Amino acid sequence: MELTIHKADTQKPLPDDSELTFGTVFTDHMFNMDYDLKNGWHNPRIEPYQPIVMEPSTMVLHYGQSIFEGLKAFKTASGDIRLFRPRENFKRFNRSGHKLCMPPFDEDFALNALKELVKLDRRWVPSTPGTSLYLRPTIIAMDPFVGVRASHTYRFFIIMSPVGAYYKEGFNPVKIWVTDKYVRAVRGGMGEVKTAGNYAASLYAGEEAHRIGYTQVLWLDGVELKYIEEVGSMNIFFVIDDEIITPSLSGSILSGVTRDTVKQLAARWGHPVTERRISIDELIAAHASGKLQEIFGSGTAAVISPVGEFMFKDKVMKVGDGQVGKWSQKFFNAITDIQYGITEDPDGWIEPVC
Ligand code: COI
C-alpha cells in the first residue's frame, strides 16, 4: 500500500502558544484511509483537513460504532519533534477495533503515516512548555444502513490539534465527585475500550458534577457501586500510607498508556504501584485516619492531574493540604522531562519524527 500526499494550497494562521486550550484548532492536513470487504484497508492518503461527507444513514451516526486514540507530538528545545509511546496507542486501537467488530489495520503502516502527517504539519507543533500537538486517530463505521450489525465499510482518519492544558486548572489540583448514582461501564461491557459511547455515557453525570462545582466524575464499579474505577478522561492513583495504589484493570477500566508509564517509573524508582481493588469505603477510612496523602489522575491529555478534593454522598474531603503532592509532581516532572527531551529515555518510549 502506498501513502499518497496531497498538500493544501494555503496554510492556516497558527494560534499563539499562549492562547492554546484543548482541541479547538486543527492543522492543515489529515490522514484518511478506507476499508471495504473487497479491498480491505486501501487508499491511504494525507490530504488537506476537510469535512467527511456522509449520508444521514451512515451507521456510525446511529449505533456509535466508533473508536479513537489520543497521543501527542512534542517539540524539544533543539526543535526535534517526537512522539511518546505511539505503538502502545496503535496496539490499543486495534484491541478496541476488535471489540467493536472492526477489521484490524497494520500498526507499522499507521505509525509511519502518522509520522509523515506530523512531519508535514511540523510547524503546528507548539514549543512552549506544557503545550504539544494532540493526535486523534479515529475509525468510524461508514455503511449507509440503519439495521443493527457491524458495518462492512470504515474510514480511518487522523486529525491533529495544538493544545495546552486539558483542564482549565492546568496542573493545579482538580475537584472530583464520586457518584453512586450513575455508572460508566459494567464488567463484560465496553469500559476498557476507547469507544465514543463510553464518553457519551459520561456526559450526564459530568454535567451534574459541574453544576455542583466539581471538575470530573470518579466512577465506581457498575455492579456493586463500591470499587473505584477511573475518571473517564483519566485513570486514578492514590497514595495511602506511602503506598501508591491504582485500581486493577477489571475489564471496565481503560488500560491507559500514562497509567502504564506511571507504573513503570514507580517500579524503576523502587516504589512499585500496587494494582488492586480499592473501595470508596477504604478511601474514606484512609482520609479519616489521615493516611490518605495524595490522589492524582493520569492520561495522555491531562498527563498527571492532582486531585485536591473529592466528594461522596455530600461529604467533602480535602486531600492532603489541597496542594500538588510530592508523587504527583515527581511523576509529572519525570514524564514531561522525557517527552520534551530534557532527560534520557532509557525505556525507548520516544519515537523520533523529524
Ligand atoms: C486522552 O487522554 O487522550 C483521552 O483520550 C481522554 C479525553 C481527551 C477523551
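## A pocket, a cavity and a helix pair

Analyst: Welcome! The largest pocket has a volume of about 830 Å³, taken as the space filled by probe spheres set on grid points that are joined across faces, edges and corners. This is a predicted model, in which local features need pLDDT of at least 70 and side-chain atom pairs count only at pLDDT 80 or more, while totals for chains, interfaces and linings use all residues. Residues are numbered from 1 along each chain as its sequence is written, and side-chain values use heavy atoms, with hydrogens and water left out.

User: What makes a set of points a pocket or a cavity?

Analyst: On a 1 Å grid over the protein atoms alone, a pocket is an open set with protein on both sides within 12 Å along at least five of seven lines, whereas a cavity is a set where a 1.4 Å probe fits but cannot get out. The structure holds one cavity of 30 Å³ or more. The largest cavity has a volume of about 100 Å³.

User: Which residues are closest to the centre of the largest pocket?

Analyst: They are Tyr-166, Tyr-199, Gln-216, Gly-232 and Ser-233, out of 38 that line this pocket; a lining residue has an atom within 4 Å of a point. Helix H4 (196-211) gives the most to this lining, with seven residues. Helices (H or I, at least four residues) and strands (E, at least two) are DSSP runs, numbered from the N terminus.

User: And which element gives the most to the lining of the largest cavity?

Analyst: That is strand S5 (71-75), with three residues. Of the 13 residues lining this cavity, Lys-72, Phe-84, Thr-258, Thr-300 and Gln-339 are the closest to its centre. The lining divides into six nonpolar, six polar and one charged. Here Ala, Val, Leu, Ile, Met, Phe, Trp, Tyr, Cys and Pro count as nonpolar, Asp, Glu, Lys and Arg as charged, and the others, Gly among them, as polar.

User: Why are H2 and H3 called oblique to each other?

Analyst: Helix H2 (residues 86-99) and helix H3 (residues 107-120) pack at about 130°, with axes 10 Å apart. Angles under 35 degrees are roughly parallel, over 145 roughly antiparallel, 65 to 115 roughly perpendicular and the rest oblique. H2 and H3 are therefore oblique.

User: Which residues of H2 and H3 meet?

Analyst: Pro-86, Arg-87, Phe-90, Lys-91 and Asn-94 in H2 meet Glu-107, Asp-108, Ala-110, Leu-111 and Leu-114 in H3, where contact means heavy atoms within 4.5 Å. By class, this contact has five nonpolar, one polar and four charged residues.

Note on methods. Axes fitted to C-alpha atoms, helices over the stretch in contact; angles between N-to-C directions.
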